[in-house]
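Biologist: I would like to go through this model sheet by sheet and then look at how the helices sit. Please show it before we start.

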Amino acid sequence: MSVAVQPDIVGVVAQHVALRRSGDNYVGVCPFHAERTPSFFVFPGRQRWRCFGGCGISGYVSDFIARINSEPEPLPRKDEPAPGKRGMTITELAAGYGLSASFLYKLARANKLPGCRRLGWRFVCLREEFEDWIRAGGKD
Ligand SMILES: [Zn+2]
């Protein structure tokens with residue numbers, strides 16, 4: 001019988017949270033919300049943890065590692081096109097940057113819009129190159 005090797009939950013959590021023993025379990029200040037009274041429990045017997053305070057979240061050691069290592073979500077800027085899209089249409093660029101779509105189409109058709117390439121009947125633009133062009137003053 002093989003046993004999957006898992007890092008011990010107490011050892012892992014203790015790298016991030018000051019734990020003290022409470023009976024069979026451990027308790028500390030929750031690393032996932034602001035609190036003064038410790039309500040973050042680690043249960044070595046079940047290899048689980050749970051916050052009984054503000055966030056109420058729980059999980060296994062892998063969930064703890066994923067959560068403690070995750071970056072906080074950046075707040076979207078309202079003047080920014082939806083993130084995570086590399087290829088954008090000219091309509092999206094125009095709307096996202098408050099520019100005239102017909103002006104951008106004219107430039108793109110004249111091959112003067114950096115990062116924009118014709119793809120079938122439309123143009124697809126690379127946001128990074130477009131942003132460089134905007135920062136440089138939008139000149140060809
Ligand atoms: Zn919490």
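Biologist: In this predicted model, which residue in S5 is the bridge partner of Arg48?
Modeller: Strand S4 covers residues 48-51 and is joined to S5 by 3 bridges in the antiparallel sense. Arg48 has its bridge partner in S5, and that partner is Tyr60.

Biologist: What is the strand order of the open sheet of 5 strands?
Modeller: The pairing in this sheet is antiparallel. Strand S1 (20-22) and strand S5 (58-60) are its edge strands, each pairing on one side only. From one strand to the next the twist averages 25°. The order is S1-S2-S3-S4-S5.

Biologist: Which residue in the turn between S1 and S2 has a positive phi?
Modeller: S1 pairs with strand S2 (residues 25-28) over 3 bridges, in the antiparallel sense. Ser22 has Asn25 as its bridge partner in S2. The two strands form a hairpin with 2 residues between them, and the turn residue with a positive phi, about 65°, is Gly23.

Biologist: What is the bridge partner of Gly28 in S3?
Modeller: S2 also pairs with strand S3 (residues 40-43), again through 3 bridges and in the antiparallel sense. For Gly28, the partner in S3 is Phe40.

Biologist: At about what angle does helix H2 run to S5?
Modeller: Helix H2 spans residues 61-69 and lies across S4 and S5. S5 is an edge strand of its sheet. The angle of H2 to S5 is about 110°.

Biologist: Why is one side of S6 and of S7 left without a neighbour in the sheet?
Modeller: These strands belong to an open sheet of 3 strands, ordered S6-S8-S7 with antiparallel pairing. Strand S6 (87-89) and strand S7 (116-119) stand at its edges, so one side of each has no neighbour, and the reason is that each has a single partner strand.

Biologist: Which residue in S8 is the bridge partner of Cys116?
Modeller: S7 is joined to strand S8 (residues 122-126) by 4 bridges, and the two run antiparallel. The partner of Cys116 in S8 is Cys125.

Biologist: What angle does the direction of helix H5 make with that of S8?
Modeller: Helix H5 (residues 127-135) packs on the sheet and touches S6 and S8. Another helix, H3 (residues 90-97), lies across S6, S7 and S8 at about 85° to S6. For H5 and S8, the angle is about 75°.

Biologist: Are H3 and H4 roughly parallel or oblique to each other?
Modeller: H3 packs with helix H4 (residues 101-109) at an angle of about 135°, their axes being 9 Å apart. Angles over 145 would count as roughly antiparallel and 65 to 115 as roughly perpendicular. The pair is therefore oblique.

Biologist: How many residues in the contact of H3 with H4 are nonpolar?
Modeller: H3 passes H4 in a right-handed crossing. H3 contributes Ile90, Thr91, Leu93 and Ala94 to the contact, while H4 contributes Ala101, Leu104, Tyr105 and Ala108. No charged residue takes part, 1 is polar, and the nonpolar count is 7.

Biologist: Over which residues does pLDDT stay under 50?
Modeller: The chain averages a pLDDT of 83, and 83% of the residues score at least 70. Where pLDDT is low, the predicted coordinates should not be read in detail. The model has 6 contacts beyond four places in sequence for the stretch under 50, which is residues 75-84.

Methods: Residues are numbered from 1 along each chain as its sequence is written. This is a predicted model: local features need pLDDT of at least 70, side-chain atom pairs count only at pLDDT 80 or more; totals for chains, interfaces and linings use all residues. Two strands pair if DSSP finds at least two bridges between them. Two residues are in contact if their C-beta atoms, placed from the backbone, lie within 7 Å. Axes are lines fitted to C-alpha atoms, for helices over the stretch in contact, and angles run from 0 to 180 degrees between N-to-C directions. Angles under 35 degrees count as roughly parallel, over 145 as roughly antiparallel, 65 to 115 as roughly perpendicular and the rest as oblique. A crossing is left-handed if the near helix is turned anticlockwise from the far one by less than a right angle, and right-handed if clockwise. Ala, Val, Leu, Ile, Met, Phe, Trp, Tyr, Cys and Pro count as nonpolar, Asp, Glu, Lys and Arg as charged, and the others, Gly among them, as polar. pLDDT is the predictor's confidence in each residue, from 0 to 100.
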